[in-house]
Amino acid sequence: MHALNLQAKPLSLADRLADLAVDALIDEADLSPKPALVDRRGNGAHTDLHLGLMHASALSLWPAFKEMAEAAVAIGEVDSTLREAIGRIGREGEQAMLTTTNGVNTHRGAIWALGLLVTAAALEPQSSSANAVSLRAARLALLDDRHAPKPLSHGAQVALRYGARGAREEAQLGFPSVLQRGLPQLKRSRANASGEQNARLDALLAIMTNLADTCVLYRAGEEGLQAMQLGAQAVLDAGGSASLSGRRRLHELDQQLIALNASPGGAADLLAATLLLDRIEHNGILQGAF
Ligand SMILES: CC(C)(COP(=O)(O)OP(=O)(O)OC[C@H]1O[C@@H](n2cnc3c(N)ncnc32)[C@H](O[C@H]2O[C@H](COP(=O)(O)OP(=O)(O)OP(=O)(O)O)[C@@H](O)[C@H]2O)[C@@H]1O)[C@@H](O)C(=O)NCCC(=O)NCCS
Ligand SMILES: Nc1ncnc2[nH]cnc12
C-alpha cells in the first residue's frame, strides 16, 4: 500500500512570478492613504474604480503574467520573438482585464511594467538583482513589436501635447523612477523604522516627485502634474508618512489632487513595480521561499 503524499507540488518559476506580480498589485491597491488613488478608504479622484474592482482586475492578470514568464523560459533570450510573444500576451491580458472590469481601465500601465519585469526575471532567475532585471526589461522594451496597434491613447495624446515621457520611455530607460526613487526611498524609510506601510507610502511619494505621469497630465494638465510633484516632495521634506507633519501634508495633497481630478495612476503602477522588484531581489525566485 502506498502512503498518501500530502506534500504540495512545488510551484513552477512562472507560477511564483505570477503570484508575486499579482501580490504586488493587490498590495499597491490596499496601501492607504494614497493621494487621490483608490485605496481602503475610497475611490480617490475616480468615479469608475473601487477597491474590489482593483482586486478583481489584479487577479484576472495572473494567467497573463504566468504565460509571459513561460514564454521567457521557452524562448530563453531577449529577442524580437520574445518581444512579440509578450506583446500578444499583454494585449490578451488587457482584454481579460476589460472583461473583468466591464471596460474600465484599471491596470493597463501595470500590465506593461510588471509584464516586462516578470519576463525579464524569468529569463535569468539566477540574476535577480533589481538592476539586472530592469536592464533586461529595458532591452525588451526597446524592441519593436510589429503587431502592436498604434492607438491615439491618452499617453500618446499627452506626449504630443506636452512632450511628456510616458510608460514606454520609463521602461526603455530601465525604470529610473523605480531604481532611483522608489526602491531607495523604500529602503531608507524601512531603515528609519517608519513601518512597512509608511515605507511603501514614502516610496510612492518619491516616485511622484519626479514622474511625468500621463494620467495626471491627461486629467489635470501641467498644473496637476506640478501639484503632484511639489506636494509629494513637501510630504517627504516634512518627515514622510510616519511623521505627524508629513501626515498633515499628505492629507493636504490628497485633497488638492482630488480637487484637480489628478489621479497618479502611473505612479501607482510604478509602486507595484517597486514592490515586485524588491521581492524578486530579496526573496529570490529560485528557492520558492515565499
Ligand atoms: C506601451 C504602452 C504602455 C502604451 O503606451 P501609451 O503611451 O499608449 O500610453 P497609455 O496606454 O496611455 O498609458 C500607459 C499607462 O501607463 C501608466 N503610466 C502613465 N504615466 C506613466 C509613466 N510616466 N511611467 C510609467 N507608467 C505610466 C498609466 O497606467 C495607469 O493609469 C491607468 C489609467 O490611465 P488612463 O489612460 O488615464 O485611464 P482611463 O481610464 O483610460 O482614463 P480616465 O477616465 O481615468 O481619465 C491605469 O490603467 C493604470 O495602470 C497609463 O495609463 C503599453 O500599454 C502597450 O503597448 N501595451 C500593448 C501590449 C504590450 O505590448 N505589452 C507588452 C508586454 S507587457
Ligand atoms: N490604486 C489605484 N488607483 C487608481 N488608479 C490606479 N492605477 C493603478 N493603481 C491605481
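## Close-up views of a predicted model

**View 1. Phenylalanine 175 and its neighbours.** Phenylalanine 175 touches Ala113, Leu116, Leu117, Ala137, Glu170 and Leu270, leaving aside residues up to four places away in sequence. The model shown here is predicted. Phenylalanine 175 sits in the loop between α8 and α9. Is phenylalanine 175 buried or exposed? Its relative accessible area is 1%, under the 20% cut-off, so phenylalanine 175 counts as buried. The backbone at phenylalanine 175 has a positive phi of about 55 degrees, although the residue is not a glycine. Most residues other than glycine have a negative phi.

**View 2. Two nonpolar cores.** The largest nonpolar core has 84 residues. Which residues have the most contacts inside this core? They are Leu17, Phe65, Leu114, Phe175 and Met208. Helix α5, residues 108-123, gives the core its largest share, 11 residues. A second core is separate and has 7 residues, among them Ala29, Val38, Leu49 and Val104. In soluble globular proteins, nonpolar side chains tend to be buried together.

**View 3. Helix α9, its length and its bend.** Helix α9 covers residues 176-191, 16 residues in total. At 1.5 Å a residue, the helix should span 22 Å. The C-alpha atoms at its ends are 22 Å apart, so the expected span and the model agree. Where does α9 bend? The bend is at glycine 182 and amounts to about 30 degrees. A proline, proline 184, follows within four residues.

**View 4. The buried residues of α9 and what covers them.** The buried residues of α9 are Pro176, Ser177, Val178, Gly182, Leu183, Gln185, Leu186 and Ser189. Glycine 182, where the helix bends, is thus listed among the buried residues. What covers these residues? The cover includes helices α6 (130-142), α8 (167-172), α10 (196-208), α11 (214-237) and α13 (265-283).

**View 5. Alanine 193, just after α9.** Alanine 193 lies in the loop between α9 and α10. Its phi is positive, near 55 degrees, in a residue other than glycine. Is alanine 193 buried or exposed? Alanine 193 has a relative accessible area of 67%, over the 50% cut-off, so it counts as exposed. Phenylalanine 175, which also has a positive phi of about 55 degrees, is buried.

**View 6. A cis peptide bond before proline 33.** Serine 32 and proline 33 are joined by a cis peptide bond. Omega there is about -5 degrees. Proline 33 belongs to the loop between α1 (13-30) and α2 (51-60). Most peptide bonds are trans.

**View 7. The surroundings of ligand 1.** How many residues surround ligand 1? There are 34, and the closest are Asn105, Arg108, Ser153, Gly155 and Asp269. An oxygen atom of ligand 1 is 2.6 Å from an N or O atom in the side chain of aspartate 269. For the side chain of histidine 154, an oxygen atom of the ligand is 3.1 Å from an N or O atom. A polar backbone atom of histidine 107 is 3.4 Å from an oxygen atom of ligand 1.

**View 8. The surroundings of ligand 2.** Ligand 2 is surrounded by Glu28, Lys34, Leu37, Val38, His46, Leu49, Met54, Thr106, Gly265, Ala268 and Asp269. A nitrogen atom of ligand 2 is 2.9 Å from an N or O atom in the side chain of glutamate 28. A polar backbone atom of valine 38 is 3.0 Å from a nitrogen atom of ligand 2. Val38 and Leu49 also belong to the second nonpolar core. Asp269 is among the residues around ligand 2 and among the closest to ligand 1.

Key. Residues are numbered from 1 along each chain as its sequence is written. Chains are lettered from A and ligands numbered from 1 in the order in which they are written. This is a predicted model: local features need pLDDT of at least 70, side-chain atom pairs count only at pLDDT 80 or more; totals for chains, interfaces and linings use all residues. Side-chain values use heavy atoms; hydrogens and water are left out. Helices (H or I, at least four residues) and strands (E, at least two) are DSSP runs, numbered from the N terminus. The expected span of a helix is 1.5 Å times one less than its number of residues. The bend at a residue is the angle between axes fitted to the seven residues ending there and the seven starting there. Buried means under 20% relative accessible area, exposed over 50%, partly exposed in between (1.4 Å probe, protein chains only). Contact means heavy atoms within 4.5 Å. A nonpolar core is a set of buried Ala, Val, Leu, Ile, Met, Phe, Trp, Tyr and Cys residues joined through side-chain atoms within 4.5 Å. A residue is near a molecule or strand if one of its heavy atoms lies within 4 Å of it. A polar contact is a pair of N or O atoms within 3.5 Å; within protein, one must be able to donate a hydrogen and the other to accept it, and residues adjacent in sequence count only if both atoms are side-chain atoms.
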